[in-house]
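Student: I should like a close reading of one part of this model, followed by its setting in the rest of the chain. Please take the sequence and the structure shown here as the starting point.

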Amino acid sequence: MHKRLPSASSAKLLWLLDLTFAGKVFRFSSEPLDLSKDDGSIISYMGGLDDPGYTESLDRFSHSIDQQVISLELDMGVDVAQLIQKGHTFGGNSAELSCVLVQNGVIQQTYEGRLVALVGNVSEPQYGFPDQPSGYITCSIESTVAEDGGQFLPASACISVDTFPDVATAGKEVHEGKPYPLVFGTPGVYKNSAGTDKKTSGSPAYIVDINTSTEKATKLLIAGHHVNAATVTVFDSKSQASFTVTNTTDALGQQVATVAISGTTIDRTEREFWIGWNDGGGIKNPQSTSEELTGLGDVVRWALRYSTLDADSGSFAASSDFLNRFKLDGYISDPTTTVWEWVSSISKMFPVTIRRGPDGVYPIIHDVRASPDSGLKITTSPEFQQLSLVQVEGKLENIFNSIRIGYAMRAKEGSPKRYAVIGTKATGDPSSFSTTTTKQSISRYGVRYRSFDSAYIYDRSTAQKVIRYMADIEALPSRTVDYRAAPRFASISLGDIITLTDSSLYFTDQACIVTGKTWDTDSWIFTLLIDTIPDRDDRTF
C-alpha cells in the first residue's frame with residue numbers, strides 16, 4: 001500500500017522531486033539536503049525546488065478519475081538544448097514528487113520512508129529561454145491513468161483460417177473475423193423474485209465449423225481462454241440445450257474454450273448462438289484458481305494485467321473484502337476497447353476511484369457508511385482549524401431518491417430480466433426496498449426518480465448495494481468544509497475517514513471523507529465531505 005508519514009509535532013515539510021532526463025535522475029528539493037537510505041547510503045538533493053503547488057481531489061459525485069497536475073520551473077544545471085539536440089527527449093519522462101518531515105533540524109524519514117505524493121510524466125516542457133540559464137525549463141508533471149494503451153484482445157485473438165483451419169472449408173457462414181470473448185463470472189445466471197435460479201443468454205458463441213453437407217453448425221467458440229465451466233447452456237432463437245465444454249487451443253496455440261454441438265434439441269442451421277453459464281463460470285480467478293472471477297476488486301485487478309500500467313497489489317488486497325462484495329458477470333469482446341476505458345466505465349457505478357500511486361494504480365474506497373470508529377479521530381485545535389464556510393452540496397436537480405437499476409441482462413437483446421428499486425418499498429416485491437435516507441428525502445423533496453441498466457450485474461444483492469450507495473450520496477444534500485492543518489498531517493490521504501469533533505459546528509465524532517488535499521506554503525488544506533446518513537449519525541441535541 002502507499003506509504004504514510006508518521007505524525008511529528010512542530011515539524012516542517014520539505015518537498016523532493018526526482019526527474020529523469022538524458023539517462024540520469026535529477027534531484028531537487030525545497031532546500032539542499034542529504035537523505036539516508038535504509039542501507040546507510042546517502043541520496044543528495046540539490047535544492048532549487050519552489051513550492052510545487054501540490055493539490056489533489058476526488059470528484060466523487062461525477063465518479064471522475066482523479067488526475068494530478070503540478071507546474072514547475074527548474075534550473076536543471078545542464079545545457080538542456082544541447083542534450084535535446086543530441087537526441088534526448090524530455091516530454092513523457094518519468095517524475096516523482098515526494099516529501100519528508102524535518103523536526104529540530106533532523107529529517108524524520110529515510111529515502112524509503114518518504115511520502116510519495118505524485119508519480120507521473122513530464123508534459124509540455126519548454127526550454128531555450130533567452131534571458132535564463134541554459135538549464136532553465138518550465139513543465140507540468142501529470143499523474144493520470146488515462147494514457148494507458150493496453151488492450152484486452154491481441155489481433156490474433158479472432159476467428160480466421162490461421163486460428164481455425166476448418167474455416168477455410170466450412171463456407172461463408174462461419175463467424176470469420178469475430179473476436180474471442182473474454183468471459184468472467186457466470187453471465188446469464190440470475191434469481192427470479194421467488195429466489196429460484198434462472199438462466200438467459202449471457203455471452204455470444206461463434207461458429208468455427210459447419211458440416212457442409214447438412215449446413216449445420218458443429219462447433220462453437222465460447223471464450224478466448226480456458227474456463228471453469230464443465231457444461232454451458234447453448235441458446236438458439238427458440239430453444240436451449242446443455243453441452244460439454246472443451247478447454248483447448250487454437251491453431252496458433254492460444255487458449256480457447258469450445259463446445260461441440262449435436263442432436264436436434266437446438267436448431268443447428270441457425271447462425272446466431274448465445275451462452276448461459278449455469279454450470280461454472282468463465283475465467284478462473286487468478287487469486288483463487290478454483291473459483292470464478294467475479295468480485296469487483298479481483299475483476300479490476302485481473303483487467304489491469306492487460307494494461308500498460310502496474311497495479312498496487314497490496315492496496316487491492318487490502319481493499320478486496322470491501323470491493324468483492326460487488327459481483328460482476330459479463331464478457332468483453334470489443335478489440336478496440338482499452339483496459340482503462342473499460343475499467344473507468346464500470347467503476348462509475350461503484351464506490352471506488354482508481355488512481356495512480358508510487359506502486360501502481362490502486363483503489364480509493366468511498367465508504368459512505370463507514371463507522372466513526374473507523375476514522376482518524378481529530379479535535380479542532382490551532383493545528384487543525386476550520387478555514388472555509390460550510391458549503392451545502394447538491395442542487396434539487398441532482399437529488400434522486402427513487403433509483404431503479406435494470407440487471408440480469410439478456411445479452412441477445414440487450415434487455416434486463418430483473419430490476420431492483422430503492423425508494424419506497426412495494427408490498428410483496430423483494431426487489432424493492434427503502435432506507436431512512438430515501439424516506440427522509442421523499443418526505444422533503446417528493447419522489448425524484450432515475451433509472452439505468454447494467455450489462456455486468458446479474459446478482460440481486462449487488463444490484464441492491466449499487467443503488468443503496470447511489471441513494472446515500474444522491475438522496476440528501478451533503479456538506480463540504482475546508483480545514484487548515486499543520487505539516488504533520490501529511491499522512492492524511494484522499495478517501496480517508498476522519499472522525500471530527502468541532503464544537504463550533506456541533507460536530508462530535510462526525511464521520512467525514514477527505515476529498516481534497518492542497519499544500520499551501522506552510523500548511524495543508526483538507527476538504528472534508530460530510531454525507532447525510534440519518535441512520536448512521538447520532539442526533540443527540
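Student: How many helices and strands are there in the protein chain? With that as background, please look closely at strand S1: which strands are joined to S1 by bridges, and is S1 enclosed or open?

Tutor: The model is a predicted one. Its protein chain contains six helices and 35 strands. Of the 541 residues in the chain, 52% are buried, and the C-alpha atoms occupy a box of roughly 85 × 70 × 40 Å along the principal axes.

Strand S1 covers residues 12–21, and because eight of its ten residues are buried, the strand is largely enclosed by the rest of the structure. S1 has bridges to two strands, S7 and S2. With strand S7 (residues 94–103), S1 runs antiparallel and shares eight bridges. Within that pairing, Leu-17 stands opposite Leu-97. With strand S2 (residues 24–29), S1 again runs antiparallel, here through six bridges. In this second pairing, Leu-16 of S1 has Ser-29 of S2 as its bridge partner. Two strands of a sheet pair through backbone hydrogen bonds, in a parallel or an antiparallel manner. In a regular strand, moreover, side chains alternate between the two faces of the sheet.

The connection from S1 to S2 deserves separate attention. The two strands form a hairpin, with two residues between them. One of the residues in this turn is Ala-22, which lies in the loop between S1 and S2. The phi of Ala-22 is near 55°, a positive value in a residue other than glycine. In general, most residues other than glycine have a negative phi. Ala-22 counts as partly exposed because its relative accessibility is 26%, whereas eight of the ten residues of S1 are buried.

A second positive phi, of about 70°, is found at Thr-521, which is likewise not a glycine. Thr-521 also belongs to a loop, the one between strand S34 (507–520) and strand S35 (523–530). With a relative accessible area of 61%, Thr-521 is exposed, while Ala-22 is partly exposed.

The partner strand S7 leads on to the cysteines, since residues 94–103 span the position of Cys-99. At 0% relative accessibility, Cys-99 is buried. The structure has zero disulfides. Cys-99 is in none, and the nearest cysteine sulfur to it, that of Cys-139, is 19 Å away. A disulfide would require the sulfur atoms to be within 2.5 Å. Cys-139 is also buried, at 5% relative accessibility.

Other strands of the chain make up a closed barrel. Six strands take part, in the order S14-S15-S18-S17-S16-S19, with antiparallel pairing. From one strand to the next, the twist averages 45°. Strand S14 (residues 203–211) and strand S15 (residues 216–223) are antiparallel and joined by five bridges, and Asp-209 stands opposite Lys-219 of S15. Another barrel strand, S16 (residues 231–235), contains Thr-233. Thr-233 is buried because its relative accessibility is 3%. The side chain of Thr-233 makes a polar contact with the side chain of Asn-278, at 2.8 Å.

Among the helices, H2 (residues 296–303) and H4 offer a packed pair for comparison with the strands. Such a pair is described by the angle and the distance between the two axes. The axes of H2 and H4 come within 10 Å and cross at roughly 165°. Because angles over 145 degrees count as roughly antiparallel, H2 and H4 are roughly antiparallel to each other. The crossing of H2 past H4 is left-handed. Helix H4 spans residues 339–347 and includes Ser-347, whose side chain reaches the backbone oxygen of Ser-344 at 3.0 Å. Ser-347 is buried, with a relative accessible area of 4%.

A final position contrasts with these buried residues. Thr-169 is located in the loop between strand S10 (136–143) and strand S11 (182–184), and at 60% relative accessibility it is exposed. Thr-169 and Asn-192 are 23 residues apart along the chain, and their C-alpha atoms are separated by 44 Å.

To return to the part requested: S1 is largely enclosed by the rest of the structure, with antiparallel bridges to S7 and to S2, and its hairpin with S2 turns through a residue of positive phi, Ala-22.

Key:
Residues numbered from 1 in each chain as written. Predicted model: local features only at pLDDT ≥ 70, side-chain atom pairs only at ≥ 80, totals over all residues. Heavy atoms only, no water. Helix = DSSP H or I, 4+ residues; strand = E, 2+ residues; numbered from the N terminus. Buried < 20%, exposed > 50% of the residue type's maximum accessible area, 1.4 Å probe, protein only. Polar contact = N/O pair within 3.5 Å; in protein donor to acceptor, adjacent residues only side chain to side chain. Pairing = 2+ DSSP bridges. Axes fitted to C-alpha atoms, helices over the stretch in contact; angles between N-to-C directions. Parallel < 35°, antiparallel > 145°, perpendicular 65-115°, else oblique. Left-handed = near helix turned anticlockwise from the far one by under 90°.
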